[in-house]
Amino acid sequence: MKRYHPFFVGLHWLIAVMILVALILGGPSLAEIPNDSPDKMFGLTGHMIWGLTIGVLMTLRLAMRIFAKVPPHADAGRSALNSGAKFAHLGLYALVFLMVGSGIALAYSAGLFAIIFGGSGAALPPAFSVFPARVVHGIIGTVLLVLIGLHVAGWAYHQFYVRDWLISRMWFGKRS
């Protein structure tokens, strides 16, 4: 079985951890902090930088995926599973880009770039839920978590039921 280049592997796992941290800590943690708390500004600053970094890394990953040589798609032995895997991977890319895009749209519509990075001195809006981009951002986050769960379930299916050690393609080691 052919492995991905170590750079692809490292980028995959870095982005995966960053996305999980953003989804698990970003949404629930920031929602708990009132908008008039100084801690909210600190949390939003980190969340925005983190999210923009994910967007840049995903763009790099997509460009490399398009232009670099990668191993052929894995064959699960069933066309339905192969199609499902392909759509799941496309869905992950799409949802991450939509998540970053909706975050940027929220930041723009709420004036967060000027408040957080521009030093405008303005207060945060009383609530973010009034912005449609915030609602979309939350929905995409939930769908993304579900798709990540399905992705992990697919790995577990391959690892423990099919026993084809599919994860070795996206892990470090000798490329053959």
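**Two pockets: exercises with solutions**

The largest pocket in this predicted model has a volume of about 1500 Å³.

**Exercise 1.** Find how many residues line the largest pocket and which of them lie nearest its centre.

*Solution.*
- Step 1. Count the lining: 42 residues border the largest pocket.
- Step 2. Look towards the centre: His12, Ala85, His89, Leu92 and His151 lie nearest to that point.

**Exercise 2.** Work out which helices supply at least two residues of this lining, and which supplies the largest share.

*Solution.*
- Step 1. List the helices: α1 (6–32), α2 (38–67), α3 (79–109) and α5 (132–162) each give at least two residues.
- Step 2. Pick the largest share: α3 supplies it, with 11 residues.

**Exercise 3.** Sort the lining of the largest pocket by residue class.

*Solution.*
- Step 1. Take Ala, Leu and Met, among others, as nonpolar, and Gly as polar.
- Step 2. The lining then divides into 30 nonpolar, eight polar and four charged residues.

**Exercise 4.** Describe the second largest pocket by its volume, its central residues, its helices and its residue classes.

*Solution.*
- Step 1. The volume of the second largest pocket is about 760 Å³.
- Step 2. The lining has 37 residues, and Gly26, Gly27, His47, Met99 and His137 are the closest to the centre.
- Step 3. At least two lining residues come from each of α1, α2, α3, α4 (112–117) and α5. The largest share, nine residues, belongs to α1.
- Step 4. By class, this lining holds 24 nonpolar, 11 polar and two charged residues.

Terms used
Residues are numbered from 1 along each chain as its sequence is written. This is a predicted model: local features need pLDDT of at least 70, side-chain atom pairs count only at pLDDT 80 or more; totals for chains, interfaces and linings use all residues. Side-chain values use heavy atoms; hydrogens and water are left out. On a 1 Å grid over the protein atoms alone, a cavity is a set of points where a 1.4 Å probe fits but cannot get out, and a pocket is an open set with protein on both sides within 12 Å along at least five of seven lines; lining residues have an atom within 4 Å of a point. Grid points are joined across faces, edges and corners, and a volume is the space filled by probe spheres set on the points. Helices (H or I, at least four residues) and strands (E, at least two) are DSSP runs, numbered from the N terminus.
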